[in-house]
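Here is a short report for the bench. Have the sequence and the model open while reading.

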Amino acid sequence: MSRHFSEPEHRVTPKAAFLNRRQIIKAAGAASVLSAGSSLVSATENAPSWLTRKVQSTVYRAINADDELTIKEDATSYNNFYEFGTGKDDPKKYAHEFDPYPWEIEVGGECDSPGRLSLEDLVADASLEERIYRLRCVEAWSMVIPWTGIQLSSLLKRFQPNSRAKYVAFETVVRKEEMRGQRDRFSFIDWPYVEGLRIDEAMHPLSFLAVGMYGDPLPTQNGAPVRLVIPWKYGFKSIKSIVSIRFVEKEPPTTWNLAAPGEYGFYSNVNPNRPHPRWSQATERRIAGDGNIERIPTAMYNGYTDVASLYSGMDLQRFY
Ligand SMILES: Nc1nc2c(c(=O)[nH]1)N[C@H]1C(S)=C(S)[C@@H](COP(=O)(O)O)O[C@H]1N2
Ligand SMILES: [Mo]
């Protein structure tokens with residue numbers, strides 16, 4: 001029971017989603033009074049107070065109302081973040097060894113106003129929004145997570161990409177002293193973890209840059225202080241703890257494609273019709289509700305079919 005009371009705001013959402021918007025906001029407001037005295041299980045204690053205030057003041061906005069949310073405890077303890085180890089429980093166990101603050105992102109490449117961006121610059125004059133997205137890992141499990149952040153396009157446009165900007169390349173921080181996975185001599189990842197999107201994918205309104213989840217700043221194991229969330233692609237495209245964003249002309253290298261090109265492509269759109277060479281992608285284990293695990297069918301583009309026009313005319317078996 002106490003575990004339920006520690007997540008009040010978001011615990012109410014699946015039911016509240018059936019109410020109208022005003023009632024949702026009221027329900028969330030009432031619930032946050034409850035949360036004031038409760039101890040949240042998270043690694044966000046070291047987030048700056050202005051960020052905590054800003055994230056917590058974001059108005060609740062329910063999208064994909066029919067999905068039941070994953071509880072915060074599951075979404076913050078079953079993770080992939082190889083910088084802290086390859087086990088699902090390693091990120092939560094070792095994330096405290098990494099202190100991200102203060103943070104800066106370098107933005108450059110093919111754009112008219114490159115520059116360095118502090119977390120304050122990123123968040124201060126942006127109005128944050130909350131989005132509930134399904135996250136489908138290529139390993140065939142999925143969650144439903146409420147993120148807080150900004151639309152990626154609104155950030156990218158501030159740097160005025162030029163006509164040679166065909167792709168966007170992202171990089172995770174390298175801090176060998178603080179990230180034990182980066183010290184592992186047998187790691188098959190060549191750090192930094194890198195990812196990329198085609199510019200039209202990056203500018204798509206669904207592409208999101210998160211600084212929070214479940215109404216609080218991002219826990220470190222989930223990619224503090226800022227990560228991508230690309231809901232129609234396999235989870236590994238949603239790169240964590242971003243320090244570099246570059247506009248580039250050619251398709252940039254991506255970590256999982258470098259590690260196993262026959263298994264992971266650049267696009268990596270969720271596609272139940274293209275099995276991974278070693279397993280089917282037709283179904284997934286949905287981790288939601290009170291930690292229930294249910295086997296459900298996987299939807300094309302993870303159900304975000306708005307994006308289909310980005311790929312019209314492309315052979316999705318070839319461009320996986
Ligand atoms: N830098 C970095 N980003 C990463 C990863 C990683 O190992 N390193 N793992 C990816 C994978 S495989 C998934 S499924 C998601 C998991 O996000 P979550 O732990 O917040 O659920 O993060 C992605 N982003
Ligand atoms: Mo993943």
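The notes below cover the ligand site, the record, one side-chain cluster and some backbone features.

## The ligand and its pocket

This is a predicted model. Ligand 1 has 16 residues around it. Asn79, Tyr82, Glu83, Arg227 and Lys240 come nearest. Sorted by class, the shell holds seven nonpolar, six polar and three charged residues. The space that ligand 1 takes is the largest pocket.

Tyr82, one of the nearest residues, lies in a loop. That loop runs between α6 (72-75) and α7 (90-94).

## Polar contacts to the ligand

Which side chains place an N or O atom opposite a ligand atom? Three are described here. Lys240 has a side-chain N or O atom 2.7 Å from an oxygen atom of ligand 1. For Asn222, the distance from a side-chain N or O atom to a ligand oxygen is 2.9 Å. Glu83 pairs with a nitrogen atom of ligand 1 instead, and the distance to its side-chain N or O atom is 2.8 Å.

How much of the accessible area of ligand 1 does the protein cover? On its own, ligand 1 has 530 Å² of accessible area, and the protein covers 98% of that.

## What the record lists

An unreviewed UniProt entry gives residues under "binding site". The entry lists Asn79, Tyr82, Glu83, Cys137, Thr172, Asn222, Arg227, Ser238, Ile239 and Lys240. From this set, the lining of the largest pocket takes in Asn79, Tyr82, Glu83, Cys137 and Thr172, and also Asn222, Arg227, Ser238, Ile239 and Lys240.

Glu83, Asn222 and Lys240 are therefore worth reading twice: the entry lists them under "binding site", and the pocket lining includes them.

## Glu110 and its partners

Glu110 sits in the loop between β1 (104-109) and β2 (115-118). Which side chains does Glu110 contact? One is Asn162, through a polar contact of 3.0 Å between the two side chains. Another is Arg164, whose side chain makes a polar contact of 2.9 Å with that of Glu110.

## Backbone features

Most peptide bonds are trans. Tyr101 and Pro102, however, are joined by a cis peptide bond, with omega about -5°. Pro102 is in the loop between α7 and β1. Ala224 and Pro225 are also joined by a cis peptide bond, again with omega about -5°. Pro225 belongs to the loop between β8 (216-217) and β9 (227-229).

Most residues other than glycine have a negative phi. Ser268 has a positive phi, near 50°. Ser268 is placed in the loop between α12 (255-259) and β11 (283-288).

Note on methods: Residues numbered from 1 in each chain as written. Chains lettered and ligands numbered in written order. Predicted model: local features only at pLDDT ≥ 70, side-chain atom pairs only at ≥ 80, totals over all residues. Heavy atoms only, no water. Near = heavy atom within 4 Å. Polar contact = N/O pair within 3.5 Å; in protein donor to acceptor, adjacent residues only side chain to side chain. Areas by Shrake-Rupley, 256 points an atom, 1.4 Å probe, with all protein chains shown as cover. 1 Å grid on protein atoms, 1.4 Å probe; cavity = no way out; pocket = protein on both sides within 12 Å on 5 of 7 lines; lining within 4 Å. Sits in = over half its atoms within 2 Å of the grid points. Nonpolar A, V, L, I, M, F, W, Y, C, P; charged D, E, K, R; others polar. UniProt positions renumbered as here; feature names shortened; annotations may be inferred. Helix = DSSP H or I, 4+ residues; strand = E, 2+ residues; numbered from the N terminus.
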